[in-house]
Amino acid sequence: MTDIPAIPEPCDLLVEAGHVVPVEPHGVVLEDHAVAIRDGAIVALLPAAEARRRFTPAETVSRPDGVLLPGLVNAHVHNPMTLLRGVADDLPLKVWLQQHIWPIEAAVISPAFVEDGVTLAIAELLRGGVTCVNENYFFPDVQAATYRRHGFRARVGLPVIDFPTAWAASDDEYFDKAGAVHDQWRDDPLVATAFAPHAPYTVNDANFERIRVLADQLDVPVHLHLHETAQEVEQSLAEHGQRPIARLDRLGLINDRLIAVHMTQLTEAEIHLCAERGVSVVHCPESNLKLASGFCPACALARAGVTLAIGTDGVASNNDLDMFGETRTAAILAKAVAQDAAALDAFEALRAATLGGAKAMGFDHLVGSIEPGKQADLALVDLSALETQPLHHVVSQLVYATGRHQVTDVWIAGRARLRDRELVDMDPDRIVANAHQWRERIAAVERS
């Protein structure tokens, strides 16, 4: 008796690659595999030959020299500040922020500034294989609309800070506007929200307490710069009699909703407290190095069980959104800080740049790994260039040798956003011309 062949299943897209790095399960690299996508979600991950028999795709992308991986997750950005790239370099954090960045922002920040900065950032991110960001800036309503228009996944921060800005003039206005933005985007498939109090030194106890209550009620994370510099810790001891983490613990914020960014000044007890409470940490090594803020003990955090993510921080202090470069720096710096060459190995670093970021943001049920049922947020990287040959170990090559210019294709929820290095539905010439206009406006502010 002859077996009757099964009728092939339709799918929207079949992506075939020489190698697939699913991230979950950990440490796995699959050769000559394919991912089938239907309605924006991953249907199957299987050998390419089997995929061709099982599916009849509307479109097939085949990259025998490519590596398919989950889209990178940039877990801490200030993307409107992409328009401030290079305006105040080689300065310590407080001088950079208070004497340069804040005065310039006061003069130029507006909905148009935010929209144009986010658009420029999205184009740069896509060309570097990034499909998701954790955003922290003003005018979150404009940010959310811009990310949605370009089909980009984001968790948008709802800012809270103790002084008036172009976004809000009082504590109540910050919270009222936060509630309105959250309500508008609460059910969106691509854009979500988080509370984004700036830092312990710019937010008072009462506002932190309001954030804790509302974060629980709305079921959203809290995205916060924390223990970024030694000066921040010293200031907290002088003003509150406690280190910032102890103060936040007193206020009920050291919990599994907290996305703590930078964390360069940590005691062993604080590391274990974060692990016990489920705090996630975003490591931004290049910004910390450039501002001389200190060294995040990434290896110690990871080994303690803390979810570790990677972020570039804003372009004004990095000065790029290159997650391949950031991940390489994170891996190498972790070894130096831990004085252990095995610290944060290539697989662990790539996991932090994908699933770690997704988990920190509460998006790990959607993205961060290539698994059936998850959203098809994917990036293809060409490793055939001489700079990444010979190819002995795929993930080692991705972390230690690959440049973002080797990203060929990107999909978000199954929709092509970069195809053969060309942005889809974005006009690079117009974006660059618009950036030139902002350069002139910002330069005029600096001269005044």
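**Two domains, two pockets and some unusual bonds**

Domain 1 and domain 2 bury about 2100 Å² between them, and 68% of that area is on carbon and sulfur atoms. This is a predicted model. Start with how the chain is divided. Domain 1 takes in two stretches, 9–69 and 376–413, and domain 2 covers 72–361. Their C-alpha centres lie 30 Å apart. Domain 1 brings 25 residues to the contact, and domain 2 brings 30 residues.

Now look at charge across this contact. Side chains of opposite charge can pair when their charged atoms come close. Between domain 1 and domain 2 there are four salt bridges. Next, find Asp322 and Arg404. Their side chains meet in a salt bridge, with 3.8 Å from N to O. Asp322 falls within the range of domain 2, and Arg404 falls within the second stretch of domain 1.

Step back to the whole model. The count of salt bridges comes to 27. One of them joins Arg38 and Glu9, whose closest N and O atoms are 3.1 Å apart. Arg38 lies in strand 2 (residues 30–38) and Glu9 lies in strand 1 (residues 9–20), so this pair ties together parts that are 29 residues apart in sequence.

Turn next to empty space. Rolling a probe the size of a water molecule over the atoms shows where such space is left. The largest pocket holds about 460 Å³ of space. It is lined by 29 residues, and those closest to its centre are Leu97, Trp102, Glu105, Phe138 and His198. Which elements supply at least two residues each to this lining? They are helix 2 (93–108) and strand 7 (153–160). Helix 2 gives the most, with seven residues. What classes of residue make up the lining of the largest pocket? There are 18 nonpolar, eight polar and three charged residues.

The second largest pocket holds about 340 Å³ of space. Its lining is made of 15 residues. Nearest its centre lie Ala302, Val306, Thr307, Leu308 and Arg351. Three elements give two or more residues to this lining: helix 11 (298–304), strand 12 (307–310) and helix 13 (346–360). The largest share comes from helix 13, with six residues. By class, the lining of the second largest pocket has seven nonpolar, four polar and four charged residues.

Finally, follow the backbone. Most residues other than glycine have a negative phi, and most peptide bonds are trans. Some places in this model depart from that pattern. Where do they lie? Begin at the bond from Glu24 to Pro25. This peptide bond is cis, with omega near 5 degrees. Pro25 sits in the loop between strand 1 and strand 2. Those two strands also hold Glu9 and Arg38, the salt-bridge pair met earlier.

Move on to Asn318 and Asn319. A cis peptide bond joins them, and omega is about 20 degrees. Asn319 is in the loop between strand 12 and helix 12 (323–338). Strand 12 is also one of the elements that line the second largest pocket.

The last stop is Ala292. Its phi is near 55 degrees, a positive value in a residue other than glycine. Ala292 lies in the loop between helix 10 (285–290) and helix 11. Helix 11, too, gives residues to the lining of the second largest pocket.

Definitions and conventions:
Residues numbered from 1 in each chain as written. Predicted model: local features only at pLDDT ≥ 70, side-chain atom pairs only at ≥ 80, totals over all residues. Heavy atoms only, no water. 1 Å grid on protein atoms, 1.4 Å probe; cavity = no way out; pocket = protein on both sides within 12 Å on 5 of 7 lines; lining within 4 Å. Points joined across faces, edges and corners; volume = space filled by probe spheres on them. Helix = DSSP H or I, 4+ residues; strand = E, 2+ residues; numbered from the N terminus. Nonpolar A, V, L, I, M, F, W, Y, C, P; charged D, E, K, R; others polar. Domains from an automatic or database assignment. Contact = heavy atoms within 4.5 Å. Buried area = accessible area lost by both parts, 1.4 Å probe.
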